[in-house]
Number of protein chains: 2
Amino acid sequence: MKTTATFYHAGCPVCVEAEQSVAQALDPQRYNVEIVHLGDQAGRVAEAKAAGVKSVPAIVMNGQTFHINFGAAIEALG
Amino acid sequence: MKTTATFYHAGCPVCVEAEQSVAQALDPQRYNVEIVHLGDQAGRVAEAKAAGVKSVPAIVMNGQTFHINFGAAIEALG
């Protein structure tokens, strides 16, 4: 049986990168990935908060909430 | 052709949760997931830093570095 992984975002550039890389990389055999844009779906903000989402992008899966932060690679080059 | 996704961690509880949930959830048809414990493999710290890893757990995939933070769900209940 598939598990749902819910990816919350707000359209920010970091959100888009994380969605395209992490959320879309999940195994489709095991996960249904639901993408929720909290800017467009304000009615789901309460649900996200209840799941422990403090910032976006975040992914809620297996009963856990993971916040994703993009580390600017260019900083490592300085 | 498969892409390698490298998951850097240091054995912390958050690292273990993220590894078991996020890293292991990636599609095995598309990704080879390499798990690197920086505590045990100190020789790879420089490589991680060069990839933009600033904290663990982090996953480097598709040329991007994503830091993962576990949001304590209990805080949302208060």
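1. In this predicted model, the acidic residue A:D27 is buried, with a relative accessible area of 5%. Its side chain meets that of A:R30 in a salt bridge, in which nitrogen and oxygen are 2.8 Å apart. The partner A:R30 counts as partly exposed, at 32% relative accessibility, because this class covers what lies between under 20% (buried) and over 50% (exposed). As a general point for a first reading, side chains of opposite charge can pair when their charged atoms come close.

2. Chain B has a salt bridge between the side chains of B:D27 and B:R30, again with 2.8 Å from N to O. Here B:D27 counts as buried at 5% relative accessibility, while B:R30 is partly exposed, with a relative accessible area of 33%.

3. A further pairing in chain A deserves a careful look, since A:E34 forms a salt bridge with A:R44 and the closest N and O atoms of the two are 2.8 Å apart. A:E34 lies in strand β2 of chain A, which covers residues 31-37, and A:R44 lies in the loop between β2 and α2, so the pair ties together parts that are 10 residues apart in sequence. A:E34 counts as partly exposed, at 29% relative accessibility. The pair also belongs to a network of salt bridges in which A:E34, A:R44 and A:E47 are linked.

4. How many salt bridges are there over all chains? A search of the whole structure finds six, and the count between chain A and chain B is zero.

5. The next point concerns the cysteines. A search of the whole structure finds two disulfides over all chains, and a disulfide is a covalent bond between the sulfur atoms of two cysteines. In chain A, a disulfide joins A:C12 to A:C15, with 2.2 Å from S to S, and this link is right-handed, with 70° about the S-S bond. Is A:C15 buried or exposed? A:C15 is buried, with a relative accessible area of 0%, whereas A:C12 is partly exposed, with a relative accessible area of 24%.

6. In chain B, a disulfide joins B:C12 to B:C15, with an S to S distance of 2.2 Å, and the link is right-handed, with 70° about the S-S bond. B:C12 is partly exposed, with a relative accessible area of 24%, and B:C15 counts as buried at 0% relative accessibility.

7. Turning to the interface, 29 residues of chain A are in contact with 29 residues of chain B. The two chains bury about 2,400 Å² between them, and 54% of this area is on carbon and sulfur atoms. Although the salt bridge count between chain A and chain B is zero, 14 residue pairs are in polar contact across the interface, with both residues at pLDDT 80 or more.

8. Which parts of chain A supply at least two residues each to the side that touches chain B? They are α1 (13-21), α2 (45-50) and β4 (64-70), and β4(A) gives the most, with seven residues. By class, the side of chain A that touches chain B has 14 nonpolar, nine polar and six charged residues, so a reader who follows this side in the structure should keep in mind that Gly is counted among the polar residues and Cys among the nonpolar ones.

Conventions: Residues numbered from 1 in each chain as written. Chains lettered and ligands numbered in written order. Heavy atoms only, no water. Contact = heavy atoms within 4.5 Å. Buried area = accessible area lost by both parts, 1.4 Å probe. Salt bridge = Lys/Arg side-chain N within 4 Å of Asp/Glu carboxyl O. Polar contact = N/O pair within 3.5 Å; in protein donor to acceptor, adjacent residues only side chain to side chain. Helix = DSSP H or I, 4+ residues; strand = E, 2+ residues; numbered from the N terminus. Disulfide = S-S within 2.5 Å. Buried < 20%, exposed > 50% of the residue type's maximum accessible area, 1.4 Å probe, protein only.
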